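Hi everyone, thanks for making time this morning. I'd like to walk you through a structure, so have a look at it while I talk.

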Amino acid sequence: MIKFENVVKKYNNLEALSDISLEIPKGKIFGIVGKSGAGKSTLLRTINQLETIESGNIYVNEVDVTKLRKKDLRLLRKNIGMIFQHFSLLETKNVYENIALPLRCSHLKKDEINKRVIELANIVGIKDKLKSKPRELSGGQKQRVAIARALASNPNILLCDEATSALDPITTKQILNLLKKINNEFGITIILVTHQMEVVKEICESIAILSEGKLIQVGETDEIFLSKNNMLNTLIEEEQILPTSGINIKLFFPKSFTESSFITKMARELNVDFDIAYGKLERFQNHILGSLIINIAKNDENKIIEYIKNHNLEYEVIINE
């Protein structure tokens, strides 16, 4: 488990992280999201102490990394792999040597290095590219090399700093599937910094939302997306063109809601008419979740809201601006 307690980070007089307290469970895929400058990457890099902090505590497997000596910090970093947006590969070395680099730094024997490099190349799907230079690879292949290199020392934590931002949508999905495979097969905790909401919905079990260095919200991904969160709405930047007359009510259908005929049942039991102004189904990992906006007459508002409340469904009355 990774635990932040009252973490403060400053650059001169700018507070990049403001009193952050957060827990990331072991073995999960956890997302850190927010606009540019929100403090996402800074928070991520405090885990392996690439960024030091002014005050607070950061525990990795119950060890306060802010208190470690240089020797102990080097040992900690062997258990924390990291991949970056622009791959950070050595252009003069081939794929084999890029993957082997951290193994050579650990002074392993040649046959041990060879065995591990081939094993990692198989895991990430680039065994046929071991003799290629980075310039000969596609973006997705480069990121696979970077992932293999990050896994070389058998880490139990993998930090991903905008790891898919430089990739096209198809390649992004392939890399996300690879990360899910790594998480499932090896139980590695994956912490993903991203501004791509589709990435969050595809892979992250839980997320933390940051804004201007402050922690805004933490929770399960589907629940946060279906909640009434203004900060998340600004990240999604989704335009909804709604009727300007009557009352617009947005309904949220979480995975725990089983009554698929709710809308038709409500119309029949209340004997009311309304229009469906907007609807959306989204995939969150293995779940299909939805939201719906209905437009109703003003004089039907109270009984419809009461009906919704009685069925324990989340809703929001949208104010026309």
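Let's begin with the second largest pocket, which holds about 610 Å³ of space. Please keep in mind as we go that this is a predicted model. Which residues lie nearest the centre of that pocket? They are R77, I80, G81, M82 and P102, out of 19 residues that line the second largest pocket. If you want to find the walls on your screen, look for helix 2 (70–78), strand 6 (80–84), helix 3 (95–105) and helix 5 (139–151), since each of these supplies at least two residues of the lining. Strand 6 gives the largest share, with four residues. As for the chemistry of the lining, ten of its residues are nonpolar, five are polar and four are charged.

Now let's move to the strands. A quick reminder for anyone who doesn't stare at sheets every day: strands of a sheet pair through backbone hydrogen bonds, either parallel or antiparallel. We have both kinds of pairing here, and strand 9 is a nice place to see them. On one hand, strand 9 pairs with strand 3 (residues 29–33) in the parallel sense, over four bridges. There, I32 has A208 of strand 9 as its bridge partner. On the other hand, strand 9 runs antiparallel to strand 10 (residues 214–220), and six bridges join the two. In that pairing, I207 has G219 in strand 10 as its bridge partner. Strand 9 and strand 10 form a hairpin with two residues between the strands, and E212 takes a positive phi near 50° in that hairpin.

So is strand 9 enclosed or open to the outside? Strand 9 covers residues 206–211, and five of its six residues are buried, so it is largely enclosed by the rest of the structure.

There is also an open sheet of four strands, in the order 2-1-4-5, with antiparallel pairing. Strand 2 (14–24) and strand 5 (63–64) are the edge strands, each pairing on one side only. Further in, strand 1 (residues 2–11) and strand 4 (residues 55–60) run antiparallel and are joined by five bridges. If you'd like a landmark there, K3 stands opposite Y59 in strand 4.

Next, a couple of charged residues, for those of you who like to look at them one by one. K250 is found in strand 11 (residues 247–253). Is K250 buried or exposed? K250 is buried, with a relative accessible area of 14%. If you measure across from K250 to Q217, 33 residues apart along the chain, you'll find 21 Å between their C-alpha atoms.

The other one is E301, which sits in helix 11 (residues 301–310). E301 is buried too, with a relative accessible area of 14%. Leaving aside residues up to four places away in sequence, E301 touches I247, I296 and V317.

Let's stay with helix 11 to finish. Besides E301, its buried residues are I304, I305, Y307 and I308. Seen down the helix axis, the buried residues fall within an arc of 155°, so they line one face of helix 11. Turn to the other side of helix 11 and you'll see N302, E306 and N310, which are exposed. And just after helix 11, N312 takes a positive phi of about 55°.

That's my tour, and I'm happy to go back to any part of it.

Notes. Residues numbered from 1 in each chain as written. Predicted model: local features only at pLDDT ≥ 70, side-chain atom pairs only at ≥ 80, totals over all residues. Heavy atoms only, no water. Buried < 20%, exposed > 50% of the residue type's maximum accessible area, 1.4 Å probe, protein only. Contact = heavy atoms within 4.5 Å. Arc of directions from axis to C-beta. 1 Å grid on protein atoms, 1.4 Å probe; cavity = no way out; pocket = protein on both sides within 12 Å on 5 of 7 lines; lining within 4 Å. Points joined across faces, edges and corners; volume = space filled by probe spheres on them. Nonpolar A, V, L, I, M, F, W, Y, C, P; charged D, E, K, R; others polar. Pairing = 2+ DSSP bridges.
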